[in-house]
Amino acid sequence: MHFHHHGYVSGNPRVQEPAGIGLDRPEELPDEMDVLIVGTGPAGMIAAAQLSQFPQVHTRIIERRPGRLQVGQADGIQARSVETFQAFGFADEISNEAYHITEMAFWKPDPQNPDHIIRTARPEDDPHGISEFPHLIVNQARVLDYFAEFMANSASRMAPDYGVEFLDLQIAEDGEYPVHVRVRHVAGPREGQERTVRAKYVLGADGARSRVRASIGRRLEGDQANHAWGVMDVLATTDFPDIRLKCAIQSRSGGNILLIPREGGHLFRMYVDLGEVAPGESSKVRQTTVEQITAKANAILHPYTLTVQHVAWHSVYEVGHRVTDKFDDVPDELTGERTPRVFIAGDACHTHSAKAGQGMNVSMQDGFNLAWKLGQVLTGRSPKSLLSTYSAERQVIAQNLIDFDKEWSTLMAKKPEEMEDPSILEQFYVKTIEFPAGFMTQYKPSMITGTDDHQSLAEGFPVGKRFKSAKVSRVCDGNPLHLGHLAVADGRWRVYVFADSPTAAEDSTLKRWAEWMRQNPDSPLVRFTPGDADEDGLFDLKVIYQQPHTEVDITQVPPVFRPTVGPFGLTQLEKAFGILPGQDIFEARQISREGAVVVVRPDQYVAHVLPLSAPEALAQFFDGIFCEPQEADQERPATDRQPTPITANSRGYTPAS
């Protein structure tokens, strides 16, 4: 972590000094706010957590429940999500308490005795090493707790407004706060009171029965698979040997189980196949009891038995695959003519089966994608057109998920004798592992994602896909570190500059690029960084040399990679890196020895790969993304003309009191 540059810090450096709205945050939900988030599920909480890093933006998040979630329905945490948690500072903590999936067992009828099941395969969960992060199982409530802690420690001092129910909304044609939201207090001293609050923007993260979605006229479109599953989190005694392994179990009885061990060493979840649902029988199948689900599970597990001792949670559901056509309130005929004011995320705009472990994971990426964009627009850094990229990017991802989940859930529901190849289920699992792990997302070219014209300069960092980290050694202290793990969820853009030649070369392309970036008036660093911000307040620039760190003189590193920070004018020395012997990042990520510039968005996706020899290409890319600081002030109402909050306090640092 980087701190002390505003003075000595003796306490927890993760607790930021209050700033902006955090200096005098209203305890109760106010009448006006910049952003109102509806729902404290994964999509809503990650959006709130990201927006908490913009303390000049007044964000509120409301929840009908009177307090925190006690038992969450989602539990699967894919590697991409853990990678995201790293940026929010709690990947290690949640990994320590979670169950780690390293293998998956497949069970099928014994050919010699088909009434019994036997283990037929046990593949690794990530045989190709696509991520350094683990695949976890942990209660959704704990994920929300960590985001709540991050928000509470932020300069914004954000906390959910519990006991507030969303009723409906209307959008006015003009006004500073055009979204009028009717809410009802369902807990606390104002219980029963209805009122209208106003916001500049609203995010509906309020689940599959989203009232926000209904208020903007969007509908979930799709189909039902007419197949029911009983799911329960249980403590049980059993002689089944793989009770602590993730398992796909197929029996001749015509039933299947997906078994998911849970955190803590004893709890596990079972998705138990209840079979086809006849027309008109949906309400009846939903009345299936825990005892009936348990009996079905025992029939599938034969010759093994299972005795349930305690049920933490259970439900019965039918598989459905639905997605909305757009994730915002802009009608098709007005696309490109006006910018959105209301957005939906998570289950509010896409629903699918739970067996691929995607619901919570994809929902969090929805919220992460939108929140930094709202922060940039509301602080005047970017034009409002940036917000139109949210629906354009995330709706495609949701449709891809629906297509994948249809195939996976269909395979899971089949009887063994219905499969052309008896090993097709495990083959599909291994072949497609990159998709459920969260790493197949690739955004198309847009105002914030470039083309792949220069992809050959850094083949290992595909434009539009997430930045896949690799190890480097830091020049100033020799520490071996994962480059991508140093990027925190502070709303800044990352620019990774891969050097072209030895550090001492006065005529190197790197030195010419660095001088242009620091001094040229067309440089995005010069143009867009506000005068009251640190030199690295908007762009986090890092340089990676082709030599080991011992061969790089830190005093010869160009000044743009040694920025001045804080009120004391201290030099930040932790932005220069060398290669690790045997782990050369240039080889691992196929980076040209002539150098390259890799631009990464605040949500960790590669925005562009550009030549080191063409700094003007970087200026051209950022020209449409950022506003000149003075232009931003002219466009915003006078009451909003406050310093842009890209100072140390908005990035996780605590000045001494």
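Q: Which residues does leucine 36 touch, not counting residues up to four places away in sequence?

A: This is a predicted model, and a contact list is read as a record of which parts of the chain meet. Leucine 36 touches Leu29, Arg60, Ile62, Val181, Val197, Ala199, Tyr201, Val202 and Leu203.

Q: Which residues have the most contacts inside the largest nonpolar core, and how many residues does that core have?

A: A core is read by its membership and by its best-connected members. Here the largest nonpolar core has 113 residues, and those with the most contacts inside it are Leu36, Phe147, Trp493, Trp513, Phe561 and Phe622. Helix H8 supplies the largest share of this core, nine residues. Another core lies apart from it; this one has 43 residues, including Trp107, Val234, Phe240 and Ile257.

Q: How many of the residues of helix H1 are buried?

A: For a helix, one first asks how far its residues are covered, then what covers them. Helix H1, residues 42–51, is mostly covered, with ten of its ten residues buried. Among them are Pro42, Gly44, Met45 and Gln50.

Q: Against which elements do the buried residues of H1 pack?

A: The partners are both strands and helices. The strands are E1 (32–38), E2 (59–63) and E11 (194–204); the helices are H2 (79–88), H4 (140–153) and H8 (359–378).

Q: How many salt bridges does a search of the whole structure find?

A: The search finds 46 salt bridges. Each pair may be read through its distance, its place in the sequence and its exposure. In one of them, the side chains of arginine 198 and glutamate 32 meet at 3.5 Å, N to O.

Q: Why does the pair of arginine 198 and glutamate 32 tie together parts that are apart in sequence?

A: Arginine 198 belongs to strand E11 and glutamate 32 to strand E1, so the pair ties together parts that are 166 residues apart in sequence.

Q: Why does arginine 198 count as partly exposed?

A: The class follows from relative accessible area, with partly exposed lying between the 20% and 50% limits. Arginine 198 counts as partly exposed because its relative accessibility is 27%. Glutamate 32 is also partly exposed, with a relative accessible area of 36%.

Q: Where do aspartate 540 and lysine 575 lie, and are they buried or exposed?

A: The side chains of aspartate 540 and lysine 575 meet in a salt bridge of 2.5 Å, N to O. Aspartate 540 lies in strand E22 (residues 539–548), and lysine 575 in the loop between strand E24 (570–571) and strand E25 (576–579), 35 residues apart. Both aspartate 540 and lysine 575 are buried.

Q: Which residues are joined into one network by salt bridges that share partners?

A: Pairs can be followed from partner to partner. The network consists of Arg64, Glu165, Asp168, Arg182, Arg184, Glu194 and Arg211.

Q: How many cavities of 30 Å³ or more does a search of the whole structure find?

A: The search finds two. A cavity is read by its volume and its lining. The largest contains about 160 Å³ of space, and of its 17 lining residues, Phe467, Gly484, His485, Ala487 and Gln604 are the closest to its centre. H2 gives the most to this lining, with three residues. By class, the lining has eight nonpolar, five polar and four charged residues.

Q: Which residues line the second largest cavity?

A: The second largest cavity, with a volume of about 50 Å³, is lined by Thr40, Met45, Arg65, Arg68, Leu69, Leu144, Asp145, Ala148 and Tyr162. H4 gives the most to this lining, with three residues. The lining residues divide into five nonpolar, one polar and three charged.

How values were computed: Residues numbered from 1 in each chain as written. Predicted model: local features only at pLDDT ≥ 70, side-chain atom pairs only at ≥ 80, totals over all residues. Heavy atoms only, no water. Buried < 20%, exposed > 50% of the residue type's maximum accessible area, 1.4 Å probe, protein only. Helix = DSSP H or I, 4+ residues; strand = E, 2+ residues; numbered from the N terminus. Contact = heavy atoms within 4.5 Å. Core = buried A, V, L, I, M, F, W, Y, C linked by side-chain atoms within 4.5 Å. Salt bridge = Lys/Arg side-chain N within 4 Å of Asp/Glu carboxyl O. 1 Å grid on protein atoms, 1.4 Å probe; cavity = no way out; pocket = protein on both sides within 12 Å on 5 of 7 lines; lining within 4 Å. Points joined across faces, edges and corners; volume = space filled by probe spheres on them. Nonpolar A, V, L, I, M, F, W, Y, C, P; charged D, E, K, R; others polar.
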